[in-house]
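Dear colleague,

Please find the structure below for your files. My notes on it follow directly after.

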Amino acid sequence: MTSSSQSRMPSYGTQVTVQTESEKQIDKLRRKEEKRNRRATEYGAESDMSAASFSSLLQASEKRSPFEDLIGSGQGSNSVAVTALPQGTVRKHFKGYEEVIIPPTPTAQMKPGEKLIEIKELDDFAQAAFRGYKSLNRIQSRIFQTVYHTNENILVCAPTGAGKTNIAMISILHEIGQHFKDGYLHKDEFKIVYVAPMKALAAEVTSTFSQRLSPLNMCVRELTGDMQLSKNELEETQMIVTTPEKWDVITRKSSDMSLSMLVKLLIIDEVHLLNDDRGPVIEALVARTLRQVESTQSMIRIVGLSATLPNYLEVAQFLRVNAETGLFFFDSSYRPVPLAQQYIGISEQNFVARNELLNEKCYKKVVDSLRQGHQAMVFVHSRKDTVKTAEKLVELARKYEGLELFKNDAHPQFSLIKKEVVKSRNKDLVQLFDFGVGVHHAGMLRSDRGLTERLFSDGILRVLVCTATLAWGVNLPAHTVVIKGTQLYDPKAGGWRDLGMLDVMQIFGRAGRPQFDKSGEGIIITSHDKLAYYLRLLTSQLPIESQFISSLKDNLNAEVALGTVTNVKEACAWLGYTYLFIRMRLNPLAYGIGWDE
């Protein structure tokens, strides 16, 4: 390191250099950096050096705050303070932990001239799909014109629970309308593909859409790892709900071009997955679709639905969305139920003490919620942990004499329900029912899970301890949602990893019940070094990066096998369709392109 830096350094003083002001600045930075490098190698502080050189490089390349791209890696050394938190945020330090409380954003007022669109303004066939609705909500009304009357690609960023499914619905109806000739629907001319991130979600979407599109005699099928479809079935289906991986597999087979040629509308749900391990698949899908559009000159409309994200302009560029007409961005003030957030970072070092504190804080938060007469859900990350946590809550309630809060003997149907619960074989369920606490995880019998869900939604169970599966599959909201700990075991990686962005968003989306509550509350209890990361993630300040490099060779190989890429020039063109390409131009340093280049 030292030798190279010396050889590169011009010997000042012997030569006279003429420099502009900006060159001078950069030069100064470079000298600073080399000094730093030398110091670093002497002391062997390797990690520090990379962070430091990174920040000065960044400042030189774009005048913006240092460390912008380091945040979110989660190691202790770079957990930097969060840049801008919403107004009214309170930070409190206690022994062993720190709390950050973010007040709910009030719902934005209607602007003058902004009106909700009545369902009766839609075409006749479209009204059938919106049976039981009087009008669209604010977000849907805002984008209605573009979605329903044009063929633009669109990207909608809106908070969870803002009714993104209906946006997809409107775009589907627009597509159906185009194939509706002489009062007859030409079904064999088009296919609609809806890409949902999880199998559980795909199943849910399939059931809602097939119900609502049944008056139009549309066939909606699920195509995931659970549900295989034969070739004939695929040909008879107009709308396919699938996961990214599965759709990738289908479009990779060049024999199936007949199918992908018919696709006229591609709806991608949860586009912010680009930041996740599964991002590359979505990139490959979109790149393939865009390529097909340009090579065959066919019209495929792409509709992206996503949570709020900071760099939506780049994602829009990647989906080939016209930023003037097709890009819609709604912030958290459009959430139907405003959300108050609390972040607790536990800084206790000792393992046993930390777990004690974790349970204690969790109990305190649950009790606060119960005192106000609300229900609470506690999310933990393993099945075994659900019962353990539930027992711990009861034990702490005994200790602090708070058992009355949990109990619910006063409920009129209590004795009847008690009889029904006692029949269950699950002894934890029976024991915990006496204290008004329920457990729910994928390892329980279906009947037991159904019972628990029913009891919680009827308000007989005050507290429900569950795993994240509940947030995905079943729409069961509660006023208060607590995420207890953010480490979960990942068998693929063979170790612990952090709770992903998607899961946290989904779980917080369950806080606050739209029909009953004025506000919801989301509480996340994590370790202190991860506090900044989760704060940025949920106040949506974490730019979405591309994860495409990790699976670049596989995807390139697939394209070569498909015959879409035959030489280097085509490979470059293909790369130009990916999100990686767009991010790389804006932020080259994060993708390993050196400063010199």
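Once neighbours within four places in sequence are set aside, Pro336 is in contact with Thr160, Gly161 and Ala162. Of these, Gly161 is 175 residues away from Pro336 in sequence, yet the two C-alpha atoms are 7.0 Å apart in space. Pro336 sits in the loop between β11 and β12, and its relative accessible area of 45% makes Pro336 partly exposed. Please bear in mind throughout that this is a predicted model.

As to the chain as a whole, the protein chain holds 24 helices and 19 strands. It has 597 residues, of which 51% are buried. If one takes the contacts between residues at least 6 apart in sequence, 72% of them join residues at least 24 apart. The accessible surface of the protein chain is about 28900 Å², and carbon and sulfur atoms account for 53% of that surface.

The sheet that includes β11 deserves a description of its own. This open sheet has 7 strands, paired in parallel, in the order β7-β8-β6-β9-β10-β3-β11. The edges are taken by β7 (220-223) and β11 (327-329); each has a single partner strand, so one side of each is left without a neighbour in the sheet. From one strand to the next, the twist averages 15 degrees. At the β11 edge, the partner is β3 (residues 154-157), and the two strands pair in the parallel sense over 3 bridges. Within that pairing, Val156 has Phe328 of β11 as its bridge partner. Towards the other edge, helix α7 (residues 199-213) lies across β6 (191-195), β7 and β8 (239-242), and α7 runs at about 170 degrees to β7.

Two loop residues adjoining this part of the chain have backbone angles that you may wish to inspect. Glu270, in the loop between β9 (263-268) and α11 (279-296), has a phi near 55 degrees, a positive value in a residue other than glycine. Gln297, in the loop between α11 and β10 (301-306), likewise is not a glycine and has a positive phi of about 55 degrees. Their surroundings may be set side by side: Glu270 is buried, at 12% relative accessibility, whereas Gln297 is exposed, with a relative accessible area of 66%.

Helix α21 (residues 531-538) is mostly covered, with 8 of its 8 residues buried. The buried residues of α21 include Tyr533, Tyr534 and Arg536. What lies over them? The cover of the buried residues of α21 includes β2, β12 (339-346), β18 (495-498), α20 (501-508) and β19 (520-527).

I turn finally to the charged pairs. Side chains of opposite charge can pair when their charged atoms come close. A search of the whole structure gives 18 salt bridges; those described here are among them.

Arg91 and Glu98 form one salt bridge, in which the closest N and O atoms are 2.8 Å apart. Here Arg91 is partly exposed, at a relative accessible area of 46%, while Glu98 counts as buried at 4% relative accessibility.

Glu114 and Arg138 also meet through their side chains in a salt bridge, at 3.5 Å from N to O. Glu114 belongs to the loop between β2 (97-102) and α4 (124-129) and Arg138 to helix α5 (residues 138-149), so this pair ties together parts that are 24 residues apart in sequence. Both ends of the pair are covered: Glu114 counts as buried at 17% relative accessibility, and Arg138 is buried with a relative accessible area of 15%.

A further salt bridge brings together the side chains of Glu356 and Lys392, again at 3.5 Å from N to O. Glu356 is in helix α13 (residues 351-371) and Lys392 in helix α14 (residues 383-399), so the pair ties together parts that are 36 residues apart in sequence. Glu356 is partly exposed, with a relative accessible area of 39%. Elsewhere, salt bridges that share partners join Asp248, Arg252, Arg288 and Glu559 into one network.

With kind regards

Definitions and conventions. Residues are numbered from 1 along each chain as its sequence is written. This is a predicted model: local features need pLDDT of at least 70, side-chain atom pairs count only at pLDDT 80 or more; totals for chains, interfaces and linings use all residues. Side-chain values use heavy atoms; hydrogens and water are left out. A salt bridge is a side-chain nitrogen of Lys or Arg within 4 Å of a carboxyl oxygen of Asp or Glu. Buried means under 20% relative accessible area, exposed over 50%, partly exposed in between (1.4 Å probe, protein chains only). Helices (H or I, at least four residues) and strands (E, at least two) are DSSP runs, numbered from the N terminus. Contact means heavy atoms within 4.5 Å. Accessible areas come from the Shrake-Rupley method with a 1.4 Å probe; for residues, only the protein chains shown count as cover. Two strands pair if DSSP finds at least two bridges between them. Axes are lines fitted to C-alpha atoms, for helices over the stretch in contact, and angles run from 0 to 180 degrees between N-to-C directions.
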